[in-house]
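Colleague: I'm new to reading models like this one, and I get lost when I look at everything at once. Could you pick one spot, look at it closely, and then work outwards from there?

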Amino acid sequence: MIVKFKADSALLRKSAAGADQAQRDRALALGARVGLPMRAGFGIGERTQVVFVPGMSSEALAQRLAAEKDIEYAVPDRRKSRAAVPNDPLYASGGTPNANNFTGGPVVGQWYLKPPSASALASINAQSAWDVPAASAAPVVVAVLDTGIRADHPDLAGKLLPGYDFVGPDRNDDGSVRVPNTFLSAKDTNGWDADPSDEGDGITTAETNDSTSIFYHCTAPDDQGNYTGEFSSWHGTQVSGIIGAATNNGAGMASVGRERVRVLPVRVLAKCGGWDSEIVAGMKWAAGIAVPAVPANPNPARGAEHEPGRLRQLQCTLSRRDHADQRARRHDRRIGRQRSWAGGLRAGQLPGRDRRRRCAP
Ligand SMILES: [Ca+2]
Ligand SMILES: [Ca+2]
Ligand SMILES: [Ca+2]
């Protein structure tokens with residue numbers, strides 16, 4: 001039991017024998033007044049100390065002491081244990097295979113958030129960071145510049161801020177807007193808008209093999225150079241979950257940011273990727289920098305995940321990278337400029353078509 005005496009309490013008399021004796025005297029006097037065999041614990045502050053009555057529950061004692069008019073507060077002294085390891089089922093290791101799927105989460109759990117081990121050297125040990133108290137009660141805003149968001153995901157409830165969609169109308173290879181205006185890539189029938197919903201970026205085998213389609217060779221070829229379709233990646237939602245999924249809620253997965261992060265979804269990629277100009281506009285808006293004709297972002301981000309040009313490249317196998325390089329060179333020859341694998345524009349190049357191709361393994 002933790003008790004704080006009011007400043008004018010008569011029990012706060014100082015003792016010539018020292019603070020410890022004063023606390024003992026105070027506990028004895030308080031116990032005598034309420035008719036309980038009270039003992040003193042250690043002091044927490046000048047007017048605050050621990051007291052206890054053997055055989056009596058903290059709740060009952062708190063109720064009894066709170067009625068005393070010279071007691072500022074009396075609260076149970078409870079044992080706390082570290083809560084760093086969340087209770088989300090997908091975080092735990094050791095799923096049990098059954099005929100249809102896994103129950104109890106994946107066999108490896110979310111290994112990448114746990115302390116490194118002999119079998120998971122690259123894990124980030126988020127557990128140790130979760131034990132460190134937050135510097136501020138205000139959540140950190142992290143922008144996710146990606147394929148948009150599935151805001152209906154239950155593990156993202158309460159974690160999303162109002163984002164924006166910077167995927168514009170379909171363009172020609174020189175970057176000009178197609179005439180007539182179409183939105184086959186955006187799939188939401190309009191250009192930039194306030195709804196960053198992920199409309200899906202799946203491409204059919206027919207589309208990636210149709211030389212008249214704007215989705216021609218938008219998927220990565222296999223080792224034989226054949227192009228096949230891909231299902232939608234829902235990548236923005238996946239990344240948003242890793243960054244900020246509701247955590248310790250007993251459902252789904254845990255996130256790096258736990259309850260300290262809010263995700264700002266910024267849609268810059270759609271079917272067959274996105275354009276640098278729109279990605280840059282999305283980055284500026286996410287950071288709180290004005291973008292013409294777009295309402296100001298009231299929640300500027302302090303961190304950002306930017307999918308194209310970084311993660312994709314890191315994920316590329318050498319074989320895929322070669323294919324992507326060759327494809328980019330062929331493409332760049334057609335429009336008269338060179339492009340390095342690093343993905344940046346060389347000095348003097350015009351920022352024309354630089355649609356970031358997907359290169360996931
Ligand atoms: Ca749109
Ligand atoms: Ca939209
Ligand atoms: Ca969760």
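**Starting from one pair of residues**

Modeller: Sure. In β4, the residue paired with K4 through a bridge is Y73. Keep in mind that this is a predicted model. K4 belongs to β1, residues 2–5, and β1 runs antiparallel to β4, with four bridges joining the two. Helix α2, residues 58–66, packs on this sheet and touches both β1 and β4. The direction of α2 makes about 170 degrees with that of β4.

Now look at β1 from its other side. Three bridges tie β1 to β3, again antiparallel, and I2 sits opposite V50 of β3. What pulls strands together like this? Strands in a sheet pair through hydrogen bonds of the backbone, in either the parallel or the antiparallel sense.

Which residues of β1 are on its covered face, and which on its uncovered one? V3 and F5 are on the covered face, while I2 and K4 are on the uncovered face. That places our starting residue, K4, on the uncovered face.

Step back a little and you can see the whole sheet. It is open, has four strands in the order β2-β3-β1-β4, and pairs antiparallel. Its edges are β2 (39–43) and β4 (71–75), each of which pairs on one side only. From one strand to the next, the twist averages 30 degrees. Besides α2, there's another helix to find here: α1, residues 19–34, lies across β2 and β3 (48–52) and runs at about 140 degrees to β2.

Let's work outwards now. The protein has eight helices and 10 strands, and there is another open sheet of four strands, in the order β8-β9-β7-β10, where the pairing is parallel. The edge strands here are β8 (164–165) and β10 (303–306); each has a single partner strand, so one side of each has no neighbour in the sheet. Strand β7, residues 140–146, pairs with β10 in the parallel sense over four bridges. Within that pair, A143 is opposite A304 of β10. Two helices to look for pack on this sheet. Helix α5 (235–244) touches β7, β9 (261–267) and β10, and its direction makes about 160 degrees with that of β7. Helix α6 (276–286) touches β7, β8, β9 and β10, at about 170 degrees to β7.

Next, try colouring the nonpolar cores. The largest one has 34 residues, and V142, A143, V144, L264 and V266 have the most contacts inside it. So which elements give two or more residues to this core? They are α3, β7, α5, β9 and α6. The largest share, five residues, comes from β7. This core also takes at least three residues from each of domain 2 (83–133) and domain 3 (140–306). For a close-up, click on L264: leaving out neighbours within four places in sequence, its contacts are V141, V142, A143, V144, L161, G163, A286, N299 and A301. There is also a second, separate core of 11 residues, with M1, M38, A40 and A74 among them.

Those far-apart contacts fit a wider count. Among contacts between residues at least 6 apart in sequence, 60% join residues at least 24 apart. As for burial, 29% of the 361 residues count as buried.

Last, a few backbone spots to check. Most residues other than glycine have a negative phi, and most peptide bonds are trans. N125 has a positive phi, near 55 degrees, and sits in the loop between β6 (102–103) and α3 (126–130). W234 also has a positive phi, near 50 degrees, and lies in the loop between α4 and α5. Are these two buried or exposed? N125 is exposed because it has 12 other C-beta atoms within 10 Å, and 12 or fewer counts as exposed. W234 is buried because it has 20, and 20 or more counts as buried. Finally, the peptide bond from V179 to P180 is cis, with omega near 0 degrees; P180 is in the loop between β8 and α4 (205–208).

Terms used:
Residues numbered from 1 in each chain as written. Chains lettered and ligands numbered in written order. Predicted model: local features only at pLDDT ≥ 70, side-chain atom pairs only at ≥ 80, totals over all residues. Pairing = 2+ DSSP bridges. Axes fitted to C-alpha atoms, helices over the stretch in contact; angles between N-to-C directions. Contact = placed C-beta atoms within 7 Å. Core = buried A, V, L, I, M, F, W, Y, C linked by C-beta atoms within 7 Å. Domains from an automatic or database assignment.
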